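Please look through the structure shown here before reading on. The paragraphs below go through it step by step.

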Amino acid sequence: MSTKPLTCHEVVELVTDYLEGALAPDVRARVEGHLAGCDGCTRYLEQMRETIRLTGKLTEEQVPEEQRAALLDAFRSWSAG
Ligand SMILES: [Zn+2]
């Protein structure tokens, strides 16, 4: 069984499902394991939570591709540093 850590990109892709409780328990555990050690993804998750709190719902429209790309760039910088 693979225990390879998730990348930031994978976590960002999974955050919506994570917040909706739609992930399988083992995937959810891996996301939480990544979040425990990654400030960038924790911040992203908090932003998504805040969006849901404000709008009551999270849709793909609220996470524009540009914003997602910008965040992933930021994650890359943090990882590199
Ligand atoms: Zn991360």
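Beyond its neighbours up to four places away in sequence, His 34 touches Leu 6, Thr 7, Cys 8, Val 11 and Cys 41. His 34 lies in helix H2, which covers residues 25-36. The model is predicted, and in it His 34 has a relative accessible area of 14%. This value is under 20%, the limit for burial, so His 34 counts as buried.

Two of the residues touched by His 34, Cys 8 and Cys 41, share a metal ion with it. The zinc ion is coordinated by NE2 of His 34 and by the SG atoms of Cys 8, Cys 38 and Cys 41, at 2.0 to 2.3 Å. Along the sequence these donor residues follow the spacing C-x25-H-x3-C-x2-C. What geometry does the site of the zinc ion have? The angles among the 4 donor atoms run from 104 to 113 degrees, and the site is tetrahedral. For comparison, the ideal angle for four tetrahedral donors is 109.5 degrees.

The cysteine donors are buried as well. Cys 8 has a relative accessible area of 15%, Cys 38 has 13% and Cys 41 has 1%; each value is under 20%, so each of these residues counts as buried. How many disulfides are there? A disulfide requires a pair of cysteine sulfur atoms within 2.5 Å, and by this rule the count is 0.

Cys 8 also belongs to helix H1, which covers residues 8-20. H1 has 13 residues, and at 1.5 Å a residue it should span 18 Å; the C-alpha atoms at its ends are 19 Å apart, so the two values agree. H1 nevertheless has a kink of about 45 degrees, centred on Leu 14. Its buried residues are Cys 8, Val 11, Val 12, Leu 14, Val 15, Thr 16 and Tyr 18. An α-helix has 3.6 residues a turn, so residues three or four places apart point the same way. Just after H1, Gly 21 takes a positive phi of about 70 degrees.

Val 12 is one of the buried residues of H1, with a relative accessible area of 1%. Leaving aside neighbours within four places in sequence, Val 12 is in contact with Tyr 44, Arg 68, Leu 72 and Phe 75. Val 12 and Val 31 are 19 residues apart in sequence, and their C-alpha atoms are 9.5 Å apart in space.

Phe 75, one of the contacts of Val 12, lies in helix H4, residues 65-80. Is Phe 75 buried or exposed? Its relative accessibility is 3%, so Phe 75 counts as buried. Outside the residues up to four places away in sequence, Phe 75 touches Cys 8, Val 12, Gly 40, Cys 41 and Tyr 44. Among these, Cys 8 and Cys 41 are donors to the zinc ion. Phe 75 and Cys 8 are 67 residues apart in sequence, yet their C-alpha atoms are 6.9 Å apart.

What does the chain look like as a whole? The protein chain has 4 helices and 0 strands, in the order α-α-α-α along the sequence. Of its 81 residues, 30% are buried. Among contacts between residues at least 6 apart in sequence, 58% join residues at least 24 apart. The contact between Phe 75 and Cys 8 links residues 67 apart in sequence.

How values were computed
Residues are numbered from 1 along each chain as its sequence is written. This is a predicted model: local features need pLDDT of at least 70, side-chain atom pairs count only at pLDDT 80 or more; totals for chains, interfaces and linings use all residues. Side-chain values use heavy atoms; hydrogens and water are left out. Buried means under 20% relative accessible area, exposed over 50%, partly exposed in between (1.4 Å probe, protein chains only). Donors are N, O and S atoms within 2.8 Å of the metal (3.2 Å for Na, K and Ca); water is not among the atoms, so sites may look incomplete. Four donors count as tetrahedral if all angles lie between 85 and 135 degrees; four count as square planar and six as octahedral if opposite donors are over 155 degrees apart and all others between 65 and 115; anything else is irregular. Helices (H or I, at least four residues) and strands (E, at least two) are DSSP runs, numbered from the N terminus. The expected span of a helix is 1.5 Å times one less than its number of residues. The bend at a residue is the angle between axes fitted to the seven residues ending there and the seven starting there. Contact means heavy atoms within 4.5 Å.
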